[in-house]
Amino acid sequence: MSFQNIIVEIREAAGIITINRPETRNALTAQTLSEFRQALDDLKKDESVKVVIITGAGEKAFASGADIAAVRDRTFLEILEPGMSGLYAEIEQYDKPTIAAVNGYALGGGCELAMACDLRIASENAKFGLPELNLAIIPGAGGTQRLSRLVGRGKAKEMILTGDIVSAAEAERIGLVNKVVPPEQLLDAAVELAKKIAKKGPLALRLAKVVMNAGAEAPLQAGLAMEKLAQSVLFTTEDKYEGTTAFLEKRAPVFKGK
């Protein structure tokens, strides 16, 4: 399928979605979000794709959030629709691991998009922020919830209440990003990480995400029970037998997702 606002390509085991609106600093319009959802559905069905990478075109911005003119005219009833928040929830629960390759500014909805991914790699020129309070609104696509879970409540309150923008180095220091690399190495680093993840058992990857996401919202004992049940399911799979056999035979496993 051809898209107007995004580019989709497959590089080795990674499906790469690039927000392609550099002239607007990759602002996230309703059409862009719709195309994004379609691309995610397409990549989910492609068995050659093990990991999805999300990035932005150009060096200035990963994604700069919603179009402010559209925000000004939006009504309270429109805000109750799933929109950006619904898409990011889908990304967080996506069947395959996701990596945000953050180049340049990730502000507002762009920062929230990065936080919805499983992992975040940033270029040295990346900037992160949730400046919505400057517009007399709050981060409304998961920012008030996901940021505190990543960096702690105190730092999250500081970033949101002040609207301060932090550098890539500071984002790594506080745990908002996993790794910082030079700009020219960003996509290659994301693909290398995707390749490393893709070698793991696909069912184990999927269940690990499910258990960690659900366990983060549950008491410890409930999380441990989910972990035990997920492990028991994996012990019934062909991949578990293949993984352990390959280890004993000192060879690379050949997983089938069964």
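Ala136 sits in the loop between strand 8 and helix 6. This residue is not a glycine, yet its phi is positive, about 65°. Ala136 is exposed, with a relative accessible area of 71%. The model is predicted. Its chain has twelve helices and ten strands.

**The chain as a whole**

- The chain has 258 residues, and a compact globule of that length would have a radius of gyration near 18 Å. The chain has 19 Å, which agrees.
- Along the principal axes, the C-alpha atoms fill a box of roughly 60 × 40 × 35 Å.
- Of the 258 residues, 41% count as buried.
- Among contacts with a separation of 6 or more, 68% come from residues 24 or more positions apart.
- The exposed area of the chain is about 13,900 Å². Carbon and sulfur atoms supply 56% of that area.
- The chain carries 32 positive and 33 negative charges. The mean positions of these two groups are 5 Å apart.

**Positive phi values**

- Most residues other than glycine have a negative phi.
- Ala136, with its phi of about 65°, is one residue with a positive value.
- Asn26 also has a positive phi, near 55°, and is not a glycine.
- Asn26 lies in the loop between strand 2 (14-19) and helix 1 (30-45).
- Buried or exposed: which is Asn26? Asn26 counts as buried, at 0% relative accessibility. Ala136, by contrast, is exposed at 71%.
- Gly163 follows helix 7, and its phi is positive, near 75°.

**Helix 7**

- Helix 7 spans residues 153-162. Its buried residues are Ala156, Met159 and Ile160.
- These three cover an arc of only 90° around the axis, which puts them on the same side of helix 7.
- An α-helix has 3.6 residues a turn, so residues three or four places apart point the same way.
- On the other side of helix 7, Gly154 and Leu161 are exposed.
- What covers the buried residues of helix 7? The cover includes strand 8 (127-129) and helix 6 (143-151). Strand 9 (166-167) and helix 8 (168-174) are also part of it.

**Helix 8 and Ala168**

- Ala168 belongs to helix 8, one of the elements that cover the buried residues of helix 7.
- Ala168 is buried, with a relative accessible area of 0%.
- Ala168 and Glu124 are 44 residues apart along the chain. Their C-alpha atoms are separated by 5.8 Å.
- Glu124 is also in contact with Ala168, leaving aside neighbours within four places in sequence. The other contacts on that basis are Ala122, Ser123, Ala126, Phe128, Val177 and Val180.

**Helix 4 and Ile91**

- Helix 4 covers residues 83-92, and Ile91 is in it.
- Which residues of helix 4 are buried? They are Met84, Gly86, Leu87, Tyr88 and Ile91.
- These buried residues pack against two strands, strand 3 (51-56) and strand 5 (98-102). They also pack against helix 1, helix 5 (109-116), helix 6 and helix 10.
- Ile91 counts as buried, at 0% relative accessibility.
- Not counting residues up to four places away in sequence, Ile91 touches Phe36, Leu40, Ile54, Thr98, Leu113, Ala116, Cys117 and Lys209.
- Ile91 and Gly56 are 35 residues apart along the chain, and their C-alpha atoms are separated by 16 Å.

**Two more loops**

- Lys60 is in the loop between strand 3 and strand 4 (61-63).
- Lys60 is exposed, with a relative accessible area of 61%.
- Leaving aside neighbours within four places in sequence, Lys60 is in contact with Asn103, Gly104 and Tyr105.
- Lys60 and Asn125 are 65 residues apart in sequence. In space they are 8.4 Å apart, C-alpha to C-alpha.
- Gly201 is in the loop between helix 9 (186-198) and helix 10 (202-215).
- Gly201 counts as buried, at 14% relative accessibility.
- Gly201 and Ala89 are 112 residues apart in sequence and 24 Å apart in space, C-alpha to C-alpha.

Notes. Residues are numbered from 1 along each chain as its sequence is written. This is a predicted model: local features need pLDDT of at least 70, side-chain atom pairs count only at pLDDT 80 or more; totals for chains, interfaces and linings use all residues. Side-chain values use heavy atoms; hydrogens and water are left out. Helices (H or I, at least four residues) and strands (E, at least two) are DSSP runs, numbered from the N terminus. The radius of gyration is taken over C-alpha atoms; the globule rule is 2.2 Å times the number of residues to the power 0.38. Buried means under 20% relative accessible area, exposed over 50%, partly exposed in between (1.4 Å probe, protein chains only). Contact means heavy atoms within 4.5 Å. Accessible areas come from the Shrake-Rupley method with a 1.4 Å probe; for residues, only the protein chains shown count as cover. Lys and Arg count as positive and Asp and Glu as negative; His and the chain ends are not counted. The place of a charge is taken as NZ of Lys, CZ of Arg, CG of Asp or CD of Glu. The arc is that of the directions from the helix axis to the C-beta atoms.
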